[in-house]
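I opened my notebook today to look up two things: how a pair of helices meets, and what the cysteines are doing. Here is what I was looking at.

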Amino acid sequence: MKNLVIASCSLKPSNFAQKVKEYREIEYLNCIKQLLRVLPKNYEIIICENTIDNTSDILNEELNLLLKENNTFFLGSENNNLENIGFGELKMLHTLIKKHDLNKYKFISCLSARKFYTCPYVFEKTNSLNKEALISNPDFLFLNGNYRVNPKENLYATMFYSMKTSTMIEYANFAYEIIKKKEKTFLNLINRKLNGSEQILFEFIKRKKISYEYIDWLGIIRNDWRVSDDFFDVNNFHIC
């Protein structure tokens, strides 16, 4: 039985400078190309984008062609979520499950496409999964030697996670209801502790008593370029 990767993209957030948008096109191109290299053969991919209306908005010709060739689902620029990237990804997930029949897949892996997957480790772990979910919350080891211990209390990382398809559909609906309630309360008086996608994922696993396997590392390289505002500064790159 096949599995599915849902890769979330936000190519051109409207509050980013033009030079940042152009760099993000290059970064997404390289990350998606690498993702396709390491995906096991039993995986299919849907790329979700929520800041542009179609590929004509993309300047990089190679990225334009790559998205056309790889089942890209454009939600449109009106869905641009500037305040909370994680909420934007959850909205994309919810919209996708409403518009696509995903029941032919055994597992669904959700990931942020602006990450460099060095190997197929997380997908192989999903293929052998005997629980309902595969989750993590890794620390960051920077290439300059710095080590960042990430908070572990009441949250799980959402840069990558996998669930059985029925569980993922339940999670998408669960998360969407929380986001809807929060958006209706301007002061976020409802569920103050659920202010990010990481907290919502933790709450779902806990409240629904979802069985899961926890992994310490993902084998991903991430570029936190806003640390120095230099896109190619090696000190911004870290393993997680």
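My entries on the helix pair come first, and those on the cysteines follow.

**Entry: the helix pair**

I noted at the outset that this is a predicted model. I began with helix 1, residues 18–38, and helix 2, residues 61–69. Their axes lie 9 Å apart, and I read a packing angle of about 45°. That angle makes helix 1 oblique to helix 2. I also looked up the handedness, and helix 1 passes helix 2 in a left-handed crossing.

Which residues make the contact? From helix 1 I listed E25, Y28, L29, I32, K33 and L36. Helix 2 contributes E62, L63, L66 and L67. Sorting the residues of this contact, I got 7 nonpolar, 3 charged and no polar.

**Entry: the cysteines**

Next I wanted the disulfides. As a reminder to myself, a disulfide is a covalent bond between the sulfur atoms of two cysteines. How many disulfides does the count come to? I got 0 disulfides, so I checked two cysteines against the cut-off of 2.5 Å between sulfur atoms.

- Why does C110 have no bond? Its closest cysteine sulfur is in C48, and at 8.5 Å that is too far for a bond. I also noted that C110 counts as buried, since its relative accessibility is 6%.
- For C119, the closest cysteine sulfur is in C240, 12 Å away, which is again too far for a bond. With a relative accessible area of 28%, C119 is partly exposed.

Notes: Residues numbered from 1 in each chain as written. Predicted model: local features only at pLDDT ≥ 70, side-chain atom pairs only at ≥ 80, totals over all residues. Heavy atoms only, no water. Axes fitted to C-alpha atoms, helices over the stretch in contact; angles between N-to-C directions. Helix = DSSP H or I, 4+ residues; strand = E, 2+ residues; numbered from the N terminus. Parallel < 35°, antiparallel > 145°, perpendicular 65-115°, else oblique. Left-handed = near helix turned anticlockwise from the far one by under 90°. Contact = heavy atoms within 4.5 Å. Nonpolar A, V, L, I, M, F, W, Y, C, P; charged D, E, K, R; others polar. Buried < 20%, exposed > 50% of the residue type's maximum accessible area, 1.4 Å probe, protein only.
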